[in-house]
Amino acid sequence: MRPERLALGLWLALLVLCGVIAARASYRTQMGDFLPHSASLEQQVLAQQVNGGAASHILLVALEGAPTATLAALSEDLAGKLRDNAAFIDVMNGDDHSLAQIQDFIWRNRYLLSDSVTPQRFTAEGLHTALTSDIGLLGTDLAPVLSQSLPQDPTGEALNLMSTLAPASAGPAVNDGVWTSPQGDDALLLLHTAAPGFDLDAQQRDLGLVDAAFAAARAETPGAQAARLEISGPGVFGVRTRDVTKHDVTRLSILATIGAVSLLAFAYRSPRVLLLGLLPIASGALAAIAAVSVGFGFVHGITLGFGVTLIGEAMDYAIYLFTQTAQGDTARDTLSRIWPTLRLGALTSVAGFAAMLFSSFTGFAQLGLFSIMGLITAAAVTRFVLPPLMPKQFFAVGAGGMAKPLGWLIRHQRPARLMALAALLAAGAALLTHRGGMWDENLLDLSPIPTAAQALDAKLRHELGVPDQRYFAVFQAGSAQQALARSEALAPVLAGLKADGALAGYDLPSNILPSDATQRARQAALPDAATLSARLAQAQTGLPFRADAFAPFLKDVAAAKTAPLLNAASLPPALALRFGSMLVQNGADWVVTAPLTDIADPTAASQRLAAAGANFVDLDHESATLMSTFQREAVTLAVVGSLAILSLLVVGLRSPRRAARVAAPLAMAVAITAALLTLGGGKLSIFMVTGFLLIVAIGSNYCLFFERAVAGSVAWERAIASILLANLCTVAAYGLMALSHIPVLHDIGVTVATGTFLSLLCGAVFSRGGAP
Amino acid sequence: MRRALLAALLLLAPATQAQTMWSLDVLMIQMAQVRAASASFTEQRTSPLLNAPLTTQGTLRYTAPAYMRKTTQGPAPQDFILDHDRITMSGGPDGKTHVFHASDAPQIGGLVEGIRAVLAGDEATLTRLYTVQLGGDAANWQLQLTPLDPKVAKLVRAITIAGSGARITGIDTASPDGSDSHMRIAETVSDAP
């Protein structure tokens with residue numbers, strides 16, 4: 001009695017401890033945290049741009065379903081409402097306010113920002129050239145517009161800067177004063193949220209704000225009742241995927257629970273035992289979360305969601321214990337019989353998942369630790385905690401009859417074995433003759449985003465002129481100022497590439513915020529008030545300007561000469577976002593990530609950039625490389641894991657022959673499952689391969705019980721019944737996952753449900769039970 | 001005989017009416033008949049920044065309903081083309097070609113759109129953008145356009161277009177800050193149907 005109390009007390013104490021750790025753990029969902037520790041600079045850029053780069057803050061909006069003029073009014077109303085909300089850094093719809101932030105910043109700081117501010121430009125000759133050009137401009141139809149800015153900016157710095165920082169040609173068509181699609185049937189808006197794309201709670205809130213503002217604007221705008229809003233962007237994808245996953249998981253887990261509970265209720269006829277059956281897996285999951293949190297300092301969202309799927313076999317442990325307890329037996333009697341088998345079964349699975357610990361992907365390593373800790377805890381809870389909590393005299397009343405179908409199969413082993421071998425041969429033939437490769441190489445098939453949503457995104461990006469950022473020039477520096485200086489040095493190289501037509505455009509952090517040294521140099525290039533006044537008078541000689549026409553210019557230059565230098569805090573929000581996305585601190589280094597658009601010849605661009613000391617990064621290439629590393633590693637881990645399970649079987653059973661008896665049905669089950677999955681030209685996804693490891697982990701338990709059981713006895717019948725019950729629960733849970741729209745859930749579900757059921761059949765057919 | 005006289009009176013009637021009832025409608029119908037026209041111009045611009053007006057010369061070309069081209073020969077050569085909503089400016093002092101939409105720059109768009117609407121006889125556009133006042137008679141008319149859009153009004157106080165029949169003889173623009181333009185248009189060759 002005392003050791004059992006001790007075990008219960010220890011379990012409760014550990015449960016509380018794990019609960020506390022899990023409650024205080026830091027949960028992360030960023031892609032970068034899933035990546036290898038040793039990620040290359042390029043991979044880090046990929047993760048950073050995907051998760052928190054300026055591009056991840058973008059929401060693309062289209063309004064449609066009304067005449068252009070109505071849509072324009074709606075766009076103005078919606079933009080006005082969103083501009084009042086701090087959740088949006090920047091709301092652009094093509095109207096005058098859209099670029100106001102940037103225009104204002106440029107106008108006020110033009111002498112620190114413009115690269116044409118040189119000593120030469122402010123000599124009498126330089127000024128004379130500028131003023132002559134101004135006379136030409138005043139003779140054109142632009143005169144009324146120019147006569148407002150020329151007195152302050154005769155050298156045209158602001159106009160020059162606007163064309164660099166906010167090129168007008170890049171924007172969409174304008175109708176009725178707002179951006180529209182070329183035909184005018186959509187009004188277009190480009191929003192930047194304050195929250196990055198990975199902050200799904202904030203993104204969900206922001207999407208709600210857009211919807212609410214649109215509904216209010218529609219109610220206020222006459223004739224807009226039929227108007228609709230379409231929205232896309234990284235945040236939209238993230239939120240929708242989470243919604244679908246949540247919906248699928250909720251719906252399917254309710255159905256799976258109903259299925260499993262009905263089966264177990266029928267077998268046990270005891271609500272208390274039914275609930276006790278949850279203790280191993282629940283304790284296992286909690287301990288696993290705590291272990292990952294302690295081991296890694298944080299728990300990744302994927303580890304949490306996926307880990308529970310991996311330790312699904314922990315449900316079976318309780319089933320084996322409860323179902324194999326015969327009438328009149330105590331749980332302790334049962335355990336003394338089945339514990340060695342159960343322990344070996346759990347250990348083989350632990351060995352299978354242990355390979356993951358050595359993965360270069362932090363996410364895989366977390367999943368490895370999660371499943372190891374989860375399964376060990378679940379087995380220990382089954383061994384030490386469940387027996388004292390079980391009702392006295394309990395036995396699974398309804399399980400007796402369950403062995404019958406399997407018993408029948410085992411009695412007809414000879415024809416069944418022939419059929420199984422025929423199925424294996426057919427599967428082998430099908431796999432060998434499979435056409436066009438077994439592996440699904442198309443990454444989009446793994447994406448949970450529906451095709452229609454991807455098409456909408458592509459259409460809006462095209463119409464708004466915001467292409468998916470693919471190419472970047474990347475380099476590192478020891479400090480922010482050095483990084484800006486190198487960015488300035490790279491500017492002529494990129495300008496050269498642009499002039500050669502090798503690229504259509506680029507952005508650099510130093511265009512938005514020049515280095516302190518450059519700002520000081522520009523201040524030094526500005527003459528003092530007296531000198532400038534004298535030179536200006538000289539420059540005006542022979543030109544029809546009034547003597548006092550440029551008094552505001554003299555004042556602005558004098559102010560700029562002594563103005564405090566600009567820093568990151570001086571930037572307006574829209575530019576701060578762009579700047580922060582291009583210049584990022586990474587440990588002790590500063591990384592510059594400059595987006596390049598429409599690269600004509602990537603190889604040539606790469607060479608020119610390399611010569612200038614910058615890396616050329618193609619995100620599509622990087623993500624493809626990363627995905628293929630990920631796929632290769634997942635396959636390796638599944639194969640190594642399966643081999644580890646087999647090796648442990650040989651050691652545990654102390655006989656290669658017995659091990660082969662356990663392993664052969666598993667190999668058959670995996671082969672036939674693979675053949676079924678690729679039937680009709682289908683391809684295997686990375687998730688299905690992970691499913692194979694689960695088949696081996698779960699199915700090896702079945703085969704171990706088949707191998708240990710002595711045919712004909714009461715214990716044999718109960719063992720068979722427990723295997724069947726465990727498998728039916730597994731098929732119910734994973735089979736329902738196959739109905740999900742999320743590729744990862746669907747693929748694992750269909751693979752594990754099929755494979756474990758086949759393991760059950762093959763295990764039964766090749767068990768020794770047939771010998772009477 | 002009486003029938004012939006009646007027929008002659010009926011034929012004369014519209015012409016008589018056109019002469020007696022001079023109105024914006026009639027001017028617009030007249031202007032709409034012109035499919036293409038070209039002319040030379042002399043333009044004088046004053047500016048609060050300048051102590052003497054700038055004089056430029058060049059040619060104007062128009063093709064109904066929405067193509068206008070202003071080629072300035074001197075002193076600085078420049079080309080300004082309006083093709084529907086698209087404005088192309090080239091050969092200016094910076095030597096670059098600028099392309100933008102008239103609606104992107106309402107200040108400039110509002111100015112050229114008024115002249116285009118008069119040339120095309122597009123009364124709907126004209127009255128949507130301006131308060132229109134017609135003075136004079138068919139042989140010597142003046143059309144005063146006052147911008148309705150406050151953004152345009154900040155830059156252009158009034159545009160006065162003078163003409164004779166279906167021919168435009170002068171365009172005067174006045175700005176609130178004193179940047180004014182006086183354009184005299186001569187030798188119009190219009191291709192009326």
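**Figure 1. Chain B in the predicted model.** Among contacts in chain B between residues at least 6 apart in sequence, those joining residues at least 24 apart make up 39%. The secondary structure of this chain consists of 5 helices and 11 strands. Chain B has 193 residues, of which 40% count as buried.

**Figure 2. Close-up of R61(B) in strand β2 of chain B.** The strand covers residues 54-63. R61(B) has a relative accessibility of 49% and is therefore classed as partly exposed, since that class ends at 50%, over which a residue counts as exposed. S38(B) is 23 residues away from R61(B) along the chain, yet the C-alpha atoms of the two are separated by 4.3 Å. S38(B) is also one of the residues in contact with R61(B) when neighbours within four places in sequence are left aside. The others on that list are A37(B), Y67(B), M68(B) and R69(B).

**Figure 3. The interface of chain A and chain B.** The two chains bury about 2300 Å² between them, and 61% of this area is on carbon and sulfur atoms. Chain A gives 22 residues to the contact and chain B gives 27 residues. The rule finds 7 residue pairs in polar contact across the interface of chain A and chain B, both residues of a pair being at pLDDT 80 or more. For salt bridges across this interface the count is 0.

**Figure 4. The side of chain A that touches chain B, seen with the interface that buries about 2300 Å².** Two elements of chain A give two or more residues to this side: α6 (124-138) and α7 (143-149). By class, the side of chain A that touches chain B holds 13 nonpolar residues, 6 polar residues and 3 charged residues.

**Figure 5. Domain 1 and domain 2 of chain A.** Domain 1 is made up of residues 1-33 + 269-395, and domain 2 of residues 401-451 + 620-772. The C-alpha centres of the two domains of chain A lie 22 Å apart. Domain 1 of chain A brings 35 residues to the contact, and domain 2 of chain A brings 39 residues.

**Figure 6. The interface of domain 1 of chain A and domain 2 of chain A.** About 3000 Å² is buried between these domains, 74% of it on carbon and sulfur atoms. Between domain 1 of chain A and domain 2 of chain A there are 0 salt bridges, while the rule finds 8 residue pairs in polar contact, with both residues at pLDDT 80 or more. On the domain 1 side that touches domain 2 of chain A, the elements giving two or more residues are α13 (301-310), α14 (314-324) and α15 (331-354) of chain A. Of these elements, α15(A) supplies the largest share of that side, 14 residues. The residues of the domain 1 side divide into 20 nonpolar, 12 polar and 3 charged.

**Figure 7. Close-up of T730(A) in helix α30 of chain A.** The helix spans residues 714-737. T730(A) counts as buried because its relative accessible area is 6%, and buried means under 20%. With neighbours within four places in sequence left aside, the residues in contact with T730(A) are D316(A), I698(A), Y702(A), G735(A), V752(A) and T756(A).

Notes: Residues are numbered from 1 along each chain as its sequence is written. Chains are lettered from A and ligands numbered from 1 in the order in which they are written. This is a predicted model: local features need pLDDT of at least 70, side-chain atom pairs count only at pLDDT 80 or more; totals for chains, interfaces and linings use all residues. Side-chain values use heavy atoms; hydrogens and water are left out. Helices (H or I, at least four residues) and strands (E, at least two) are DSSP runs, numbered from the N terminus. Buried means under 20% relative accessible area, exposed over 50%, partly exposed in between (1.4 Å probe, protein chains only). Contact means heavy atoms within 4.5 Å. Buried area is the accessible area (1.4 Å probe) that two parts lose on being put together, summed over both. A salt bridge is a side-chain nitrogen of Lys or Arg within 4 Å of a carboxyl oxygen of Asp or Glu. A polar contact is a pair of N or O atoms within 3.5 Å; within protein, one must be able to donate a hydrogen and the other to accept it, and residues adjacent in sequence count only if both atoms are side-chain atoms. Ala, Val, Leu, Ile, Met, Phe, Trp, Tyr, Cys and Pro count as nonpolar, Asp, Glu, Lys and Arg as charged, and the others, Gly among them, as polar. Domain bounds come from an automatic or database domain assignment.
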